[in-house]
Amino acid sequence: MAERLVIIPTFNEIENIEAIIRTVFDLKKSFHVLVVDDNSPDGTAANVRKLQQEFSDNLFLEVREEKSGLGTAYIYGFKWALKQGYEYIFEMDADFSHKPSDLLRLHRACLNGADVAVGSRYKKGVNVVNWPLSRILLSYGASFYVKLITGMRVHDPTAGFVCYKRKVLEAIDLDAVRFIGYAFQIEMKYRAYLKKFSIQEVSIVFTDRINGQSKMNSAIIREAILGVISMKLRSVFKRKTF
């Protein structure tokens with residue numbers, strides 16, 4: 001059993017999934033990959049099954065019945081990873097917006113003392129490629145807003161490129177995590193922050209997807225904006241159950 005598992009949630013990623021998996025397996029360190037697919041109609045899961053014939057020992061696939069949100073896909077993957085005994089569990093997108101070679105840097109940060117290593121777009125200025133100005137302002141503004149409300153000193157709390165040590169996921173009540181969209185990323189970091197785990201940011205360059213379609217929509221944005229306040233209130237007034 002390898003120590004390191006990369007969880008990749010997918011929905012209609014047929015254009016990217018084989019390339020991202022092969023790139024991860026070409027890294028200097030050994031990583032296992034778990035694809036959590038939400039029954040993609042484009043054949044993403046079938047492509048992964050074909051690749052499993054080549055990578056039978058380090059590529060795993062879990063197919064859910066329907067599209068149920070990014071957060072629930074990761075929670076599913078986290079529980080699977082803990083059951084299988086992995087020590088370092090990574091979140092990564094399928095679309096190459098996260099550079100697979102940066103997995104090594106996130107892992108190194110955890111080896112050097114971080115409990116949670118975050119691939120940060122905003123640790124050193126704004127390192128985003130191919131986003132329109134409006135989306136950069138929205139994302140950067142959301143990050144400032146989250147810091148203001150939660151008190152976390154994390155420059156990129158909505159980042160979805162993360163390495164968790166096993167002990168962090170074991171300490172968090174995964175069944176209590178409420179958010180299912182991109183606000184899920186905020187909630188996971190906030191729960192780790194409240195439990196006094198060390199969160200360190202690793203500066204990365206985020207490149208918007210070239211192939212496939214973005215999953216961002218207005219409901220996800222509303223969840224992130226309105227949900228942060230409710231999350232903060234729950235953490236204060238229902239701290240024992242948060």
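Which residues of β2 are buried on one side, and which on the other? In this predicted model, His-32, Leu-34 and Val-36 are buried on one face of the strand, while Val-33, Val-35 and Asp-37 are buried on the opposite one. That leaves β2 covered on both faces, with six of its six residues counted as buried. The split into two sets fits a familiar pattern: in a regular strand, side chains alternate between the two faces of the sheet.

The neighbours of β2 help to fill in the picture. Strand β1 pairs with β2 in the parallel sense, and six bridges hold the pairing together on paper. Within this pair, Leu-5 sits opposite His-32 of β2, and His-32 is one of the buried residues just mentioned.

Stepping back, β1 and β2 belong to an open sheet of seven strands, laid out in the order β3-β2-β1-β4-β7-β5-β8. The pairing in this sheet is mixed. At its edges are β3 (59–63) and β8 (199–203), each of which pairs on one side only. From one strand to the next, the twist averages 20°. Further along the order, β4 (residues 88–91) and β7 (residues 162–165) run antiparallel and are joined by four bridges. Phe-90 takes part here, and its bridge partner in β7 is Cys-163.

Helices come up against this sheet too. Helix α2 (residues 44–52) packs on the sheet and touches β1 (4–10), β2 (32–37) and β3. The direction of α2 makes about 150° with that of β3. Helix α3 (residues 70–84) lies across β1, β2, β3, β4 and β7, and runs at about 150° to β1.

What does the protein chain look like as a whole? Its secondary structure adds up to eight helices and nine strands. The radius of gyration is 17 Å, close to the 18 Å that the globule rule gives for 242 residues, so the chain is as compact as a globular protein of that length. Along the principal axes, the C-alpha trace spans about 50 × 40 × 35 Å. Buried residues account for 53% of the 242 residues. Of the contacts in the chain with a separation of 6 or more, 80% are between residues 24 or more positions apart. The accessible surface comes to about 11,400 Å², and carbon and sulfur atoms make up 52% of that area.

Aromatic rings are another thread to follow. The structure holds 11 aromatic pairs. One of them is formed by Tyr-190 and Tyr-193: the ring centres are 6.1 Å apart and the planes meet at 20°, so this pair is stacked, given that planes under 30 degrees apart count as such. Both tyrosines lie in helix α7 (residues 183–194), three residues apart, or about one turn of the helix. Their surroundings are not alike in exposure: Tyr-190 is buried at 1% relative accessibility, whereas Tyr-193 is partly exposed at 33%. Elsewhere among the ring pairs, Tyr-74, Phe-78, Tyr-164 and Phe-184 are linked into a cluster.

Helix α8 (residues 218–237) offers a charged side chain to look at, namely Arg-234. Is Arg-234 buried or exposed? With a relative accessible area of 12%, Arg-234 is buried, because that value falls under the 20% limit. Leaving aside neighbours within four places in sequence, Arg-234 is in contact with Arg-178, Phe-179, Glu-187, Arg-191, Arg-239 and Phe-242.Two loop residues round off the description, both with an unusual sign of phi. Most residues other than glycine have a negative phi. Phe-96 has a positive phi, near 70°, and is placed in the loop between β4 and α4 (102–111). Asn-130 has a phi near 75°, also positive, and is found in the loop between β6 (128–129) and α5 (133–150). As for cover, Phe-96 is partly exposed, with a relative accessible area of 32%, while Asn-130 counts as exposed at 55%.

Note on methods. Residues are numbered from 1 along each chain as its sequence is written. Side-chain values use heavy atoms; hydrogens and water are left out. Two strands pair if DSSP finds at least two bridges between them. Helices (H or I, at least four residues) and strands (E, at least two) are DSSP runs, numbered from the N terminus. Axes are lines fitted to C-alpha atoms, for helices over the stretch in contact, and angles run from 0 to 180 degrees between N-to-C directions. Contact means heavy atoms within 4.5 Å. The radius of gyration is taken over C-alpha atoms; the globule rule is 2.2 Å times the number of residues to the power 0.38. Buried means under 20% relative accessible area, exposed over 50%, partly exposed in between (1.4 Å probe, protein chains only). Accessible areas come from the Shrake-Rupley method with a 1.4 Å probe; for residues, only the protein chains shown count as cover. Rings of Phe, Tyr and Trp (its six-membered ring) pair if their centres lie within 6.5 Å; planes under 30 degrees apart count as stacked, over 60 as edge-to-face and the rest as tilted.
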